[in-house]
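Here are my notes on the model you sent. They are set out as numbered points, for reading with the structure open.

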Amino acid sequence: MALSSNLRLLLNRIVLSDVRKKIRFYSDNTDALNEQKEIDPAKDRTKTVPVETSIKYLQSKAYQQTYGNKPVWVLYRRNHKGGLAPKKTRKSCVRNGVISTGNPCPICRDEYLILDHRNTKLLEQFVSEYTGQIQDAFITGLCQKKHKELLVAIERAWDQGLLTFDVPFREYDYSLYNKNIVSQ
């Protein structure tokens, strides 16, 4: 009795697996493979924007209205769970040419912000005005991919002399520290 029920179960599995393979291989659902989802134009990042357009955008009224005189990363706030933000930001905001997150980083969010060594006005926003060092991704909120592009662009701009950092000259009244020196 037990042997016959085991044989019956075994035969049912073999027959059903053959039927499933036939359905899988011989189905008429080729239209589903050819169809692709419609991409939201606001999230599409497949088209390339020239650097010249990005430079003009930084001088436009639309940029001033959106960001004002602040750097692009100041108004950005990272989403994370818990009280403390993780040290590392996400790897990339754009996957397969489409924004894949609900809260992309400041550069991925705006399609006209292009990281290039010629776009010095944008690059200056990511360099500390006091030390001349590049701001960390933890502070700016850039994804890791765009932060690496930023590092390369700033290094190229420094190498080509497009970006410079001048330490402000300060004059000190040394008479406050040394009584032998007369102030002028």
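**Notes on the predicted model**

1. Overall make-up. The chain has eight helices and two strands. This is a predicted model, so please read every value below as computed from it. In sequence order the elements run α-α-α-α-β-β-α-α-α-α. The two strands therefore sit between four helices before them and four after them, as helices and strands are numbered from the N terminus.

2. Burial and surface. The chain has 184 residues, and 28% of them are buried. The exposed area is about 14,600 Å². Carbon and sulfur atoms account for 53% of that area.

3. Contacts across the sequence. Take the contacts between residues at least 6 apart in sequence. Of these, 67% join residues at least 24 apart.

4. The core. Which residues touch the most other members of the largest nonpolar core? They are I107, L113, L122, L123 and F126, in a core of 25 residues. Five helices each give two or more residues to this core: α3 (51–58), α4 (61–67), α5 (106–109), α6 (120–123) and α8 (144–160). The top contributor is α8, with four residues.

5. L113 in detail. L113 is worth a look on screen. Setting aside neighbours within four places in sequence, L113 contacts S54, Y57, L58, Y63, Y67, V72, P106, I107 and L122. Two of these partners, I107 and L122, are named with L113 among the residues that touch the most other core members.

6. Salt bridges around R118. The structure holds four salt bridges. One of them pairs E52 with R118, with the closest N and O atoms 3.7 Å apart. This pair links distant parts of the chain. E52 is in helix α3, R118 is in the loop between α5 and α6, and 66 residues separate them. R118 also bridges to D116, where the closest N and O atoms are 2.9 Å apart. E52, D116 and R118 are thus linked in a network of salt bridges.

7. Exposure within that network. Is D116 buried or exposed? D116 counts as buried, at 14% relative accessibility. The cut-off for buried is under 20%. E52 is partly exposed, with a relative accessible area of 46%. R118 is also partly exposed, at 42%.

8. A salt bridge inside α8. K146 pairs with E149, and their closest N and O atoms are 3.5 Å apart. Both residues are in helix α8. Because they are three residues apart there, about one helical turn separates them. E149 is partly exposed, at 30% relative accessibility.

9. Cysteines. How many disulfides does the model hold? The count comes to zero. A disulfide is a covalent bond between the sulfur atoms of two cysteines. The rule here asks for sulfur atoms within 2.5 Å. For C105, the closest cysteine sulfur is in C108, 3.4 Å away, so this pair is too far apart for a bond. For C143, the closest cysteine sulfur is in C105, at 3.7 Å, which is also too far. C105 is buried, with a relative accessible area of 0%. C143 is buried too, with 1%.

10. V127. V127 lies in the loop between α6 and α7 (137–140). V127 is buried, with a relative accessible area of 16%. Leaving out residues up to four places away in sequence, V127 touches G132, Q133, I134, Q135 and I154. V127 and F165 are 38 residues apart along the chain. Their C-alpha atoms are separated by 9.1 Å.

11. S175. S175 is placed in the segment after α8. Is S175 buried or exposed? S175 is buried, with a relative accessible area of 16%. The side chain of S175 makes a polar contact of 2.8 Å with the side chain of D173.

12. Where to look again. Three places deserve a second view on screen. One is the salt-bridge network of E52, D116 and R118. Another is the core, where α8 gives the most residues. The last is C105, whose sulfur is 3.4 Å from that of C108, too far for a bond.

How values were computed:
Residues are numbered from 1 along each chain as its sequence is written. This is a predicted model: local features need pLDDT of at least 70, side-chain atom pairs count only at pLDDT 80 or more; totals for chains, interfaces and linings use all residues. Side-chain values use heavy atoms; hydrogens and water are left out. Buried means under 20% relative accessible area, exposed over 50%, partly exposed in between (1.4 Å probe, protein chains only). Contact means heavy atoms within 4.5 Å. Accessible areas come from the Shrake-Rupley method with a 1.4 Å probe; for residues, only the protein chains shown count as cover. A nonpolar core is a set of buried Ala, Val, Leu, Ile, Met, Phe, Trp, Tyr and Cys residues joined through side-chain atoms within 4.5 Å. A salt bridge is a side-chain nitrogen of Lys or Arg within 4 Å of a carboxyl oxygen of Asp or Glu. A polar contact is a pair of N or O atoms within 3.5 Å; within protein, one must be able to donate a hydrogen and the other to accept it, and residues adjacent in sequence count only if both atoms are side-chain atoms.
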